[in-house]
Amino acid sequence: MPGQPMPGQPMPGHPMPGQPMPGQPMPWPPQGQTGPGGMVPGGPYQSGPGHRKPKSKVGLVLVALMLVVVLIGAAGGGMYYFQLGPFGSDVSADRKLGYVVQERFDSAYKPKEGSDILAGPWWTDKYLVRAMPGQIVGYDLTSGKTAYTLAMPDNHYCRASAVQSGKGYIAVLQGTRREGCRRVSVVDIVNGKVLWSKQLDPMGAPSPGRSGTQHFPAYDHRPVVLGDRLYVPTDKGGHVLKLSDGSRIETPNPKSKCFSTHYDVIGKTGFAYRNCSRHGGDEGRHLTAFDAAGKVLWKWNLPTQGSRKYLMTGVLSVDPVLVRVFGQNQSQIWQIDARTGTHRVVLDLTTNPRTPHALDPCVVAGGDGLHDCSRQVVSNGVLFLRHRLGTRSDTRQGVAAYDVQSGKQLWLTAWGEEHDVTAPIGVDGDGAPIAYLLPREKDPGALLRIDPKTGAMTATATLPRSGDSSSGPGNRDLTAHPDQGVVAWHNNQLAFLKTHISSKDAGDLATLVLK
């Protein structure tokens, strides 16, 4: 549903002003209040996009209504401003996007195991490529037609590489909940063909009476491609295969104390999350960075406190290196320095989920490891995250900015009093975050540019209004419910993909691409 937080654990927020006057900044936080780690966020709460105007005279009257409540706390008095603005805002921009691809799920679709999780998207110069039930499909971005369809059995449960290689190769794990992910296929998405497919060797012999699935990749294991190497993780260690032909490069040594359980890649840097607890004694978890040739660039040990260890759920960025960790009853984002082995807390994620808070950029599937942490952007030393604005029943979403070096919240911004905004989906050529504004009532969805210094939002392009060739059966419009899948932005093209599907989605929209 729109306005609901993204999957994963929440991050801390701060007491919020209620609803500020359009376009007017307010003191933030109230005097005497502090942000994460005792730091006072340094910027105002912003409300007021560049393109908006009141919808009614009643709204104009209500703009003038402001309630000021003074709260006196033990540490000193604080001033909270609650302002009631107009009933929403018009959304307009000079540019209007049009549909290029509109694809539905088969009306006879039935999930193989209750519900399916489908990978993608991947972009090429010509195609948007995604997983569909039992298939990999490429859509022509000029004609909007299906360019190719490749059979990919049992792609409903296991993961695929999030990032393609320089030659346009992706890796897809195949399997079932019962058997695990026992097959891997490499696909050339530029030319629309399967390069090779093979069964994976088990990482050890199954114990008596057990299925042996623990010796194969599970649902939370993502393959990674970097250079001409394919990394396939399991809970017992990782396979390293040659990407071009599937030949074996490296198999974990069963006598080694440390072994890789998850991989990830950001840009030209690969990461391995290593468990160092085999053969007695537990040395905790390590994060290793490596290049396209597999050469180790650095290693960083997660700290421990006595017998209690910190664990990791993902890497957010390479420069600076930001990681999401948990332990000691805390969830935090750290900046790490592999050279010195030290870390600094950027943001404490532990919070009451019913209060305003920044939303977790990581989608945690399973326990510790390297999971999808793409629901954020880092630009010029600033971390931009989606942020819940209200309390309890008020679940509107905005965007917050945090200085990576100090952890200071620079600003918190929203579009009006009634609209929701996604997490940043990219940055423009100037390093400004791009987000998607969800449609509401008569207002269409829109692309937003967020000023990185002030948080001011500007609509740069609008979508067709809900119902204009975009709605599926009933009221399931992909543009209005992006949390049900993926919103992706690439080369001035906007895509909506439904990726978590069940039998109720038969015949519904699966893919929309606009430009």
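This briefing walks through the core, some strand pairings and a few unusual backbone spots. Keep in mind that the model is predicted. The largest nonpolar core has 31 residues, and strand 8 (127-132) gives the most to this core, with 5 residues. Elsewhere there is an open sheet of 4 strands, plus cis peptide bonds before Pro121 and Pro320.

**The largest nonpolar core**

- With 31 residues in this core, the ones with the most contacts inside it are Trp122, Leu128, Val129, Ile136, Ile189 and Ala495.
- Eight names to look for here: strand 5 (99-104), strand 7, strand 8 (127-132), strand 9 (135-140), strand 10 (146-151), strand 11 (169-176), strand 38 and strand 40 (509-514) each supply at least two residues.
- Strand 8 is the top contributor, giving 5 residues.
- Val129 is a good place to start looking around: leaving out residues up to four places away in sequence, Val129 touches Gly120, Pro121, Trp122, Ile136, Val137, Gly138, Tyr148 and Ile189.

**Cis peptide bonds**

- Most peptide bonds are trans.
- Gly120 and Pro121 are joined by a cis one, with omega at about 10°.
- Pro121 sits in the loop between strand 6 (116-117) and strand 7 (122-123), and Pro121 is also among the residues that Val129 touches.
- The bond between Asp319 and Pro320 is cis as well, with omega at about 0°.
- You'll find Pro320 in the loop between strand 24 (311-317) and strand 25 (322-327).

**Positive phi at asparagines**

- Most residues other than glycine have a negative phi.
- Asn329 goes the other way, with a positive phi near 60°.
- Look for Asn329 in the loop between strand 25 and strand 26 (330-337); Asn329 has 67% relative accessibility, so it counts as exposed.
- Asn492 is not a glycine either, yet its phi is positive at about 65°.
- Asn492 lies in the loop between strand 37 (485-490) and strand 38 (493-498), and at 46% relative accessibility Asn492 counts as partly exposed.
- In the turn of that hairpin, Asn491 also has a positive phi, of about 50°.

**The hairpin of strands 37 and 38**

- Strand 37 and strand 38 form a hairpin with 2 residues between them.
- The two strands run antiparallel and pair over 6 bridges.
- One of the bridge pairs matches Ala488 with Ala495 in strand 38, and Ala495 also turns up among the residues with the most contacts inside the largest nonpolar core.

**The open sheet of strands 14 to 17**

- The 4 strands follow the order 14-15-16-17, with antiparallel pairing.
- Strand 14 (224-226) and strand 17 (248-250) are at the edges with a single partner strand each, so one side of each has no neighbour in the sheet.
- On average, neighbouring strands here are turned by 30° against each other, ignoring direction.
- In this sheet, strand 15 (residues 229-234) and strand 16 (residues 237-242) pair in the antiparallel sense over 6 bridges.
- Thr234 stands opposite Gly237 of strand 16.

**A buried arginine**

- Arg396 is in the loop between strand 30 (382-388) and strand 31 (397-403).
- Its relative accessible area is 9%, and buried means under 20%, so Arg396 is buried.
- A polar atom of the Arg396 side chain lies 3.4 Å from the backbone oxygen of Glu417.

How values were computed:
Residues are numbered from 1 along each chain as its sequence is written. This is a predicted model: local features need pLDDT of at least 70, side-chain atom pairs count only at pLDDT 80 or more; totals for chains, interfaces and linings use all residues. Side-chain values use heavy atoms; hydrogens and water are left out. Buried means under 20% relative accessible area, exposed over 50%, partly exposed in between (1.4 Å probe, protein chains only). A polar contact is a pair of N or O atoms within 3.5 Å; within protein, one must be able to donate a hydrogen and the other to accept it, and residues adjacent in sequence count only if both atoms are side-chain atoms. A nonpolar core is a set of buried Ala, Val, Leu, Ile, Met, Phe, Trp, Tyr and Cys residues joined through side-chain atoms within 4.5 Å. Contact means heavy atoms within 4.5 Å. Two strands pair if DSSP finds at least two bridges between them. Axes are lines fitted to C-alpha atoms, for helices over the stretch in contact, and angles run from 0 to 180 degrees between N-to-C directions.
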